[in-house]
Amino acid sequence: MLGFLSCAERGRADALLARLAAERFAAGLPVVAMVRDELPAARACEMQLRLLPANTIMPISQDLGPGADGCTLDAGALEQAVADTARAIAAAAPGTVLILNKFGKQEAAGRGVRPLIGQGLEAGLRVLLSVPPETRAAFDAFSCGFAEEISPDIQALRAFLHKDA
């Protein structure tokens, strides 16, 4: 019930999961998702998430102002996105799938979407997310070998979501 993909190419997993979530949503299939949004960002490092089924956009990066070299995750905004997604999971109908952007640095540190993974599995949802190579060891420790690695291919991801359905 827990699947993940890992891509060395930056942004590829984000795009695959966002596409998969958008397809399900457009087809009227039950989906709860918190995925990287594909809309153009004002700054190269700006991050925003699309939350489904509400279909809302939530910015999760802080603007550090003029002269700043980079963007910083807004942990409060991420926590709000997690809370909104948790409510959507609690209201999910049978057959819903949960698609989460990634098991990244926040999750490796015990925060971020970690509770959503457990909540989704406890609710009987099929859960899919990306795991970047740099957080793979932390994910393996978290999942205790109960996660299935899926090829980073749209057909393989669709097949995982429909397996035993």
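User: Are Phe103 and Phe139 buried or exposed?
Analyst: Quick heads-up before we start: this is a predicted model. To count as buried, a residue needs under 20% relative accessible area. Phe103 and Phe139 both fall on that side, so the word for the two of them is buried.

User: What kind of aromatic pair do Phe103 and Phe139 form?
Analyst: Four aromatic pairs turn up here. In the one made by Phe103 and Phe139, the ring centres sit 5.2 Å apart, with 75° between the planes. Planes over 60 degrees apart go down as edge-to-face, so this pair is edge-to-face.

User: Where in the chain do Phe103 and Phe139 sit, and how many residues apart are they?
Analyst: Phe103 is in the loop between β7 and α3 (105-108), while Phe139 belongs to helix α5. The pair therefore links distant parts of the chain. In sequence, they are 36 residues apart.

User: Which residues form one aromatic cluster?
Analyst: Phe103 and Phe139 belong to it. The cluster also takes in two other Phe residues. Written out, the members are Phe4, Phe103, Phe139 and Phe142.

User: How many helices and strands does the chain have, and what share of its residues is buried?
Analyst: The secondary structure comes to six helices and nine strands. The chain has 165 residues. The share of them that counts as buried is 39%.

User: Of the contacts between residues at least 6 apart in sequence, what share joins residues at least 24 apart?
Analyst: Here we're leaving out contacts between residues that are less than 6 apart in sequence. Of the contacts that remain, the part joining residues at least 24 apart is 62%.

User: Which element gives the most to the largest nonpolar core?
Analyst: That core has 25 residues, and Met34, Leu100 and Leu129 have the most contacts inside it. The elements giving two or more residues to this core are β1, β2 (31-36), β3 (48-52), α2 (75-90), β7 (97-102), α4 (114-122) and β8 (126-130). With six residues, the top contributor is α2.

User: How many residues are in the other core that lies apart from this one?
Analyst: It's a separate group, and its members include Leu5, Ala21, Val35 and Phe160. As background, nonpolar side chains tend to be buried together in soluble globular proteins. The size of this other core is 20 residues.

User: Which residues of β3 does Met34 touch?
Analyst: Met34 is one of the residues with the most contacts inside the largest core. Setting aside residues up to four places away in sequence, Met34 touches Leu78, Ala81, Val82 and Leu116, among others. Strand β3 runs over 48-52, and the ones touched there are Leu49, Arg50 and Leu51.

User: Why does Ser6 count as buried, although it is found in a loop?
Analyst: Ser6 is found in the loop between β1 (2-5) and α1 (12-26). The cut-off for buried is under 20% relative accessible area. Ser6 counts as buried because its relative accessibility is 19%.

User: Which residue's backbone oxygen lies 2.7 Å from a polar atom of the Ser6 side chain?
Analyst: Beyond its neighbours within four places in sequence, Ser6 is in contact with Val131, Pro132, Pro133, Glu149 and Pro152. The backbone oxygen at 2.7 Å belongs to one of these, namely Val131.

User: Which network do salt bridges that share partners make around Arg19 and Glu23?
Analyst: Side chains of opposite charge can pair when their charged atoms come close. Arg19 and Glu23 lie four residues apart in helix α1, about one turn of the helix, and their closest N and O atoms are 3.2 Å apart. Arg19 is partly exposed at 43%, and so is Glu23 at 28%. Salt bridges that share partners make one network of Arg19, Glu23 and Arg158.

User: Which helix holds both Arg136 and Asp140?
Analyst: These two side chains meet in a salt bridge, 3.0 Å from N to O. Arg136 is partly exposed at 27%, and Asp140 is partly exposed at 35%. They lie four residues apart, about one turn, in helix α5.

User: How many residues apart in sequence are the parts that Glu148 and Lys163 tie together?
Analyst: Glu148 and Lys163 form a salt bridge, with closest N and O atoms 2.8 Å apart. Glu148 lies in strand β9 (residues 147-149), and Lys163 is in the segment after α6 (154-162), so the pair ties together parts separated by 15 residues.

Conventions:
Residues are numbered from 1 along each chain as its sequence is written. This is a predicted model: local features need pLDDT of at least 70, side-chain atom pairs count only at pLDDT 80 or more; totals for chains, interfaces and linings use all residues. Side-chain values use heavy atoms; hydrogens and water are left out. Buried means under 20% relative accessible area, exposed over 50%, partly exposed in between (1.4 Å probe, protein chains only). A polar contact is a pair of N or O atoms within 3.5 Å; within protein, one must be able to donate a hydrogen and the other to accept it, and residues adjacent in sequence count only if both atoms are side-chain atoms. Contact means heavy atoms within 4.5 Å. A salt bridge is a side-chain nitrogen of Lys or Arg within 4 Å of a carboxyl oxygen of Asp or Glu. A nonpolar core is a set of buried Ala, Val, Leu, Ile, Met, Phe, Trp, Tyr and Cys residues joined through side-chain atoms within 4.5 Å. Rings of Phe, Tyr and Trp (its six-membered ring) pair if their centres lie within 6.5 Å; planes under 30 degrees apart count as stacked, over 60 as edge-to-face and the rest as tilted.
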